[in-house]
Amino acid sequence: GWSACEALLMPLLLRLQVPKICLTAGWLVSPLLGIVLHPVLGGCSDRHGRRPFVLVLGFTAAVGLCMLPLADSMLHGWQAIAV
């Protein structure tokens, strides 16, 4: 999952000319969010069961990975509308 996202996301962000400071911040935010969110999601899934979390988070991950190749054209389309 994550290795596929890394391989797809960095070339896309470079093609979109994202500033390097934002790329660095993106690399730092992910582990920091993981430190906070993993215990929270683990506690919630212990209380409410794992199946809803697996279904919802798996679905959102799949949608995000499917939309990743479209991000370049979607962003350029929005920029054309804004101008």
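Which residues does L41 touch, not counting residues up to four places away in sequence? The legends below address this point and its surroundings in a predicted model.

**Figure 1. Overview of the protein chain in the predicted model.** The chain contains four helices and zero strands, and its elements follow the order α-α-α-α from the N terminus. Of its 83 residues, 11% are buried. The exposed surface amounts to about 6,600 Å², of which carbon and sulfur atoms supply 75%.

**Figure 2. Confidence along the protein chain.** The mean pLDDT of the chain is 80, and 84% of the residues score at least 70. Among the elements, helix 3 (residues 50-67) has the highest mean pLDDT, 89, whereas helix 4 (residues 71-82) has the lowest, 62.

**Figure 3. Helix 2 and its kink.** Helix 2 comprises 29 residues, and its end C-alpha atoms lie 40 Å apart. This separation agrees with the expected span of 42 Å, because each residue is taken to contribute 1.5 Å. A kink of about 30° is located at L37, shortly before the proline P39. Beyond the helix comes G49, which has a positive phi near 95°.

**Figure 4. Buried positions of helix 2.** The residues L23, G34 and S45 are buried in this helix. For S45, the relative accessible area is 10%, so this residue falls under the 20% limit for burial.

**Figure 5. Close-up of L41 in helix 2.** L41 belongs to helix 2 and touches F53 and L57, with residues up to four places away in sequence left out of the count. The C-alpha atoms of L41 and F53 are separated by 8.2 Å, although the two residues stand twelve residues apart along the chain. L41 has a relative accessibility of 33% and is therefore classed as partly exposed, a category that lies between the 20% and 50% limits. Its contact partner F53 falls within the range of helix 3, residues 50-67.

**Figure 6. Close-up of S45 in helix 2.** S45 is found in helix 2, which covers residues 20-48. Leaving aside neighbours within four places in sequence, S45 is in contact with R50 and F53. F53 also appears among the residues that L41 touches. An α-helix has 3.6 residues a turn, so residues three or four places apart point the same way. S45 is buried, with a relative accessible area of 10%, whereas L41 is partly exposed at 33%.

Technical notes:
Residues numbered from 1 in each chain as written. Predicted model: local features only at pLDDT ≥ 70, side-chain atom pairs only at ≥ 80, totals over all residues. Heavy atoms only, no water. Helix = DSSP H or I, 4+ residues; strand = E, 2+ residues; numbered from the N terminus. Buried < 20%, exposed > 50% of the residue type's maximum accessible area, 1.4 Å probe, protein only. Contact = heavy atoms within 4.5 Å. pLDDT = per-residue confidence, 0-100. Areas by Shrake-Rupley, 256 points an atom, 1.4 Å probe, with all protein chains shown as cover. Expected span 1.5 Å × (residues − 1). Bend = angle between axes of the 7 residues up to and from the residue.
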